[in-house]
Every structure is written in C-alpha cells, then in structure tokens.
Amino acid sequence: MSRLVFFTQTYSSMPCRALPRMAAGLNSVSERGLLLLLVMMFLASTVLPIGAASSPEMTTRNVKGGHDLHQEPHGSGHHNYTKKAFPVLSLDYSHVRIPFEISLWVLLASLMKLGFHLIPRLSSIVPESCLLIVVGLLVGGLIKVVGEDPPVLDSQLFFLCLLPPIILDAGYFLPIRPFTENVGTILMFAVVGTLWNAFFVGGLLYAVCQIEGTNLANVDLLACLLFGSIISAVDPVAVLAVFEEIHINELLHILVFGESLLNDAVTVVLYHLFEEYAGVGSVSVADVCLGVISFLVVALGGILVGTIYGVLAAFTSRFTSHTRVIEPLFVFVYSYMAYLSAEVFHLSGIMALIACGAVMRPYVEANISHKSHTTIKYFLKMWSSVSETLIFIFLGVSTVAGPHSWDWTFVTVTVILCLVARVLGVVGLTYIINKFRIVKLTTKDQFIVAYGGLRGAIAFSLGYLLDRVQFPKRDLFLTAIITVIFFTVFVQGMTIRPLVDLLAVKKKQETKRSINEEIHTQFLDHLLTGIEDICGHYGHHHWKDKLNRFNKKYVKKCLIAGERSKEPQLIAFYHKMEMKQAIELVESGGGVKLPSAVPSTVSMQNIQPKKSPPPAYERALPQISQGREEEIRNILRTNLQKTRQRLRSYNRHTLVA
C-alpha cells in the first residue's frame with residue numbers, strides 16, 4: 001500500500017494584488033464575511049500543495065505497467081523513474097489572474113453602490129459619484145501601502161469598454177420629443193459654447209504662462225489650446241450621475257445632457273487638430289478650414305454610421321419571431337459595432353451610439369417580445385451603472401497612482417478660467433437663443449445650466465493619451481485636469497441640490513402618460529402643422545409631419561413585421577398602455593382573479609366592471625352609405641389638399657390698396 005507524502009513548496013512571488021483592493025469600505029457584517037471568505041480562500045491556496053515534486057531535478061513520466069520510473073544517469077542500458085505522488089491540491093493563480101481581478105473590481109463597485117443606497121441620509125447629502133471617488137482614493141492608498149503600484153484608468157479600457165454602455169443607455173432611452181424640440185439650443189451650447197470655452201481658457205492660460213515669475217514660459221500656445229479643448233467639454237458620465245439624483249425638470253436635463261453628448265465631435269476635432277500641429281508650432285488659415293470640414297465629417301459621419309447600424313438592427317429584428325432568446329443580443333452587438341466602426345475612422349463614437357439607439361428603438365420594440373424589451377432595459381441599466389461606478393472608482397485610484405506635477409498658479413488659474421468661461425458662455429449664448437425661443441430660458445435656468453457643466457473621466461482619458469515627449473508638461477496637465485474634475489464633482493455636485501431647492505427650480509414630475517394626453521398632443525401637432533401650411537410657412541411642425549408620413553408610408557413597412565407596420569401611432573400607444581396596466585394589475589393582486597385560460601395580453605376592458613347601458617336619449621349616429629362616405633372624402637381631399645402647397649404669406653403690411 002503506497003503512502004501519501006506531505007511536503008511543502010514555497011511560492012515566493014504569488015500575485016495577491018486583489019486582496020488589498022477589497023479592504024476599502026467594507027463596514028457591514030456581510031461585506032466583512034465576504035472579505036474573510038476570500039482571505040481564507042487565499043490562505044488555503046497558499047498552503048503548500050500536497051503531493052508536489054520534492055526533488056529539484058527535472059522528472060519525466062513514463063508509465064510502464066502502472067509504475068512511474070526515474071531516469072538514471074546517462075550511459076545506463078535502460079531507464080528507471082522514481083515514483084511521484086499525484087498532486088491533490090495545487091495553485092495556479094496566474095492562469096486566472098486577469099478575469100479574477102476584473103471580477104473583484106466589479107464586485108467591489110457593486111458592493112459600494114449597494115452600501116451607498118442602504119444609507120439614505122448619506123445619499124441625500126453626498127452624490128454617489130463623490131463617494132465612489134473617495135472609495136477609489138482609499139483603495140489606491142491601501143494598494144500603495146502594501147507596496148504595489150495602483151492601476152491607472154487606461155484610456156483604451158475607458159473608451160472601448162466602460163464608456164459605450166453608458167452612452168448606449170442614454171441614447172436608447174433618449175426622450176426624442178424634448179431633444180428634437182430643443183436641438184437648436186443644444187447645438188448652440190455644444191458647438192459654439194465648447195469652442196468659446198476652449199479658446200477662452202487656452203488663450204488666457206497662455207497669457208498667464210508668459211508672465212515672468214510663473215516658471216511656465218516653455219508652455220506654448222498650441223499646448224494651452226489643446227489643454228483648453230480637453231478641459232472645456234462637459235462630461236456626460238458626470239452629468240448623468242448628478243442630474244439623475246436631483247430630479248431636475250426635463251428641459252434643463254435635456255439641455256445639459258444633450259450638450260454633453262453632442263460636444264464630443266467638437267472635442268475630437270480640436271484635440272486631433274491641436275495635437276497634430278503642436279509639433280509644427282503654427283496653424284494656417286487652410287488648417288482652420290480643414291478643421292471646420294473635419295468637424296462636419298466627424299459629426300455627420302458619426303450620425304450616419306449610427307443610423308446605418310440602427311436600421312440594420314431594426315431590419316434584423318423583423319425575423320426574430322422564432323428565436324426570441326437572441327433578440328437583445330442584436331441590439332447590443334449592432335450598437336457596439338456602430339461605436340467601433342466610428343472609432344475606426346476617427347468619427348464621433350458617442351454620436352454614432354446616440355443615433356443608433358434613437359433610430360432602432362421604435363422599430364425594434366415593435367418587433368421584439370415584451371420579455372426581450374425587459375431584458376434590454378434592465379441589462380442596459382445594469383451595464384451602464386457598473387461602468388459608471390468603475391469609472392469613478394478608477395478616477396480615485398488613478399489620482400493616487402500619479403505621477404503629479406503641482407503648480408499653484410497653473411492649477412488655480414485653470415479652475416477659475418473654467419468657471420468664468422462657463423458662466424460667460426451660457427449667459428451670452430442664452431441672450432441670443434432667447435430671441436428665437438418661444439419658451440425663454442430664465443435666469444434660474446441659466447444658472448443651473450452654467451453650474452451643471454461638470455467635467456469627468458473623458459477629460460482625464462484624453463489627457464492621459466498625450467505623448468510625454470511631445471508635451472513635456474503632460475503631468476502638469478493631468479494634475480490640473482484631476483483638480484478641475486474633483487472641484488466640479490465635489491463642490492458643484494454636492495451643492496447643486498441645495499441650490500435647486502433654494503432657488504425653487506421646477507423639478508421633474510413623475511406622471512404616467514395617458515391616452516387623453518396622447519390624443520391632445522397629436523391633435524396639437526396636427527393643428528400647428530395646419531396653421532403653418534395655411535400661412536405658407538415651412539416650420540418645425542411641417543417637416544416633422546413630412547417625416548412622419550415618410551416613415552409611415554415606407555420605413556415602417558420595411559422594418560416592422562406583420563400588421564403592426566400599418567398600426568396607427570395612437571393605437572400602438574394604447575396597446576402598450578393596455579399591456580402595462582394589465583401587468584401592473586396582475587402583479588399587485590388588484591382584487592380581480594384572471595382565469596388561467598386568458599392570455600397575458602388580456603384587454604383592460606375585460607377586467608373593468610361592466611358599465612350600465614346608455615340612456616335612451618343617446619342615439620347612435622345615422623348610418624352613411626359607402627358611396628356617400630366616398631363622396632365626402634373626395635370633397636375634403638379636393639379642397640383641403642390645396643393647403644399642403646406652398647402659398648404666399650399675407651399680412652396687413654403687404655395688402656394691396
């Protein structure tokens with residue numbers, strides 16, 4: 001009977017970086033228990049394996065007749081091998097190190113988010129993004145204490161893995177009507193406002209650097225303008241994290257958030273333009289013209305790429321009625337392909353994702369099942385929430401990782417110029433915009449828009465991509481960017497909620513849409529379209545009506561399967577509300593028992609109590625023959641269709657005497 005030999009082998013360089021990262025913020029009993037379990041697992045795996053090789057010599061296994069033989073010295077006539085015990089327990093952490101540490105980071109982020117929402121008093125005072133950055137600072141400090149190098153938020157990881165889920169969630173659930181109604185204002189803030197901020201901050205910062213005694217004379221103009229273009233753009237991740245907690249009204253939310261989405265094209269063009277010509281040292285008029293063309297290509301190209309993939313996703317969902325389980329997969333894959341395809345050509349990936357999500361949603365939701373819709377909704381919310389949490393934690397960890405180059409003059413002037421440029425830009429642009437808006441932006445609205453211009457991880461990642469050889473002050477730029485991010489997230493993010501309450505700014509009303517509201521909304525749209533036609537003015541409502549007609553006549557027939565392509569918008573909305581109310585009624589109990597034979601798409605009119613018959617004086621309308629009905633339609637069509645033509649506009653100043 002063979003004996004089991006227990007012996008030890010020391011692993012002097014076992015990577016155990018993941019454990020110190022778990023130590024920050026674990027206060028509750030469950031979190032401590034989880035950490036203790038992981039520690040025990042590590043201790044168990046570091047115990048010297050049972051049955052490992054005790055001889056330092058190289059051994060080979062040659063099984064003959066069930067025996068393991070040790071090779072004898074060279075020159076013998078036959079080979080003998082010594083017996084080696086089978087390893088009962090062994091350790092190979094390097095094999096699973098990367099996915100294991102990624103899982104630990106995701107677990108840490110989820111536990112921090114869970115713990116934050118378990119303390120309502122804390123969540124009412126401190127925004128979630130601030131707490132997550134603090135957790136990142138603590139985790140980075142612990143990693144540094146144990147002698148390891150804290151990980152830095154890698155730009156490739158950020159732009160290719162963490163940012164797309166957040167933008168897709170925002171684009172897929174983007175409120176189309178408020179966005180299109182305010183798209184002019186949003187473009188003014190996103191394009192003109194971002195250009196103003198970049199040149200204002202970069203130009204004045206260069207002037208400050210040229211002052212004697214600042215020791216910054218070696219910072220040239222193009223480097224300052226590049227830094228201004230990085231730090232001037234409003235960050236969508238930071239805006240989402242703060243504005244969703246204060247429940248600001250829909251107008252202000254769509255203005256600030258829409259600006260943070262659409263300024264990506266301006267930031268991309270300015271970044272690549274100044275980075276390209278920073279080494280040359282001069283920019284000609286031709287370069288400026290090429291920059292303007294590049295902006296149009298980047299913005300419109302991103303929208304075009306997103307639209308193409310959105311149409312492909314909608315068309316693919318037409319044929320998924322027999323394979324419902326993969327319906328959500330097409331939404332995610334096509335969206336991510338749109339983002340990657342835009343990045344291949346240096347187009348705006350953010351605008352591609354926004355366009356893809358907004359284009360595909362109405363057609364995809366008409367084709368997919370209700371369960372697939374629920375899966376898409378909650379998976380996007382979960383994915384974007386985890387990405388947002390990891391971004392803020394990594395910002396804190398990257399701050400500890402360094403390296404930093406602190407200069408009081410440069411950092412202080414940068415923070416002040418960012419605030420001044422934002423206020424002047426919003427006030428000046430609003431003065432121009434209000435001349436064309438029906439609903440004017442008040443002083444309170446302007447204050448919230450200016451105060452809500454938060455910076456975030458996009459600026460940090462763009463600064464991290466700078467070449468240290470081409471930009472010797474890269475560390476100084478990164479330190480200033482981190483300072484601006486911390487100032488906007490902590491100071492502005494923590495004080496915006498009390499200021500909203502103090503100024504009595506209108507908040508978002510959580511009301512459910514009703515059939516009555518939908519009917520009146522469509523009625524007003526048709527009414528305003530008719531007024532524009534009668535006046536001979538091709539305005540917003542006229543083109544919207546043209547687009548809806550084209551969509552109904554051609555697009556819906558190609559992208560929506562079955563009879564639902566011919567379904568009027570009001571009926572489709574009614575079916576959606578009917579389904580939602582039926583599900584809510586069944587989930588809440590409702591005091592009504594539904595028979596098992598009735599399908600889940602039961603109509604609400606079958607559940608509601610029966611109404612009493614109408615009184616005798618309410619008589620039905622007289623029946624009209626089919627010929628008479630067609631005659632009335634011809635009369636209306638012949639006389640009313642003329643108003644669709646371009647007519648001359650008349651007023652009291654142009655009337656002939």
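The paragraphs below lead from the whole chain to one helix and then to a single leucine.

This is a predicted model, and its chain is built with 24 helices and two strands. Of the 657 residues in the chain, 42% are buried, while the accessible surface comes to about 37,600 Å², with 65% of that surface belonging to carbon and sulfur atoms. Contacts across the sequence are also worth following: when those between residues at least 6 apart in sequence are considered, 79% join residues at least 24 apart.

Among the helices, H16 can be traced from residue 370 to residue 401, a run of 32 residues. From its first C-alpha to its last, H16 reaches 46 Å, which is close to the 46 Å expected at 1.5 Å a residue. Just after H16 comes Gly402, whose phi is positive, at about 70 degrees.

Further along the chain, the loop between helix H17 (408–433) and helix H18 (443–451) holds Leu441. Although Leu441 is placed in a loop, its relative accessible area is 5%, and because buried means under 20%, this residue counts as buried. Once its neighbours within four places in sequence are left aside, Leu441 is in contact with Thr185, Phe189, Leu251, Leu255, Thr430, Asn434 and Gln446. Leu252 gives another way to see how distant parts of the sequence are brought to this place, for Leu441 and Leu252 are 189 residues apart in sequence, yet their C-alpha atoms are 9.3 Å apart in space.

Technical notes
Residues numbered from 1 in each chain as written. Predicted model: local features only at pLDDT ≥ 70, side-chain atom pairs only at ≥ 80, totals over all residues. Heavy atoms only, no water. Helix = DSSP H or I, 4+ residues; strand = E, 2+ residues; numbered from the N terminus. Expected span 1.5 Å × (residues − 1). Buried < 20%, exposed > 50% of the residue type's maximum accessible area, 1.4 Å probe, protein only. Contact = heavy atoms within 4.5 Å. Areas by Shrake-Rupley, 256 points an atom, 1.4 Å probe, with all protein chains shown as cover.
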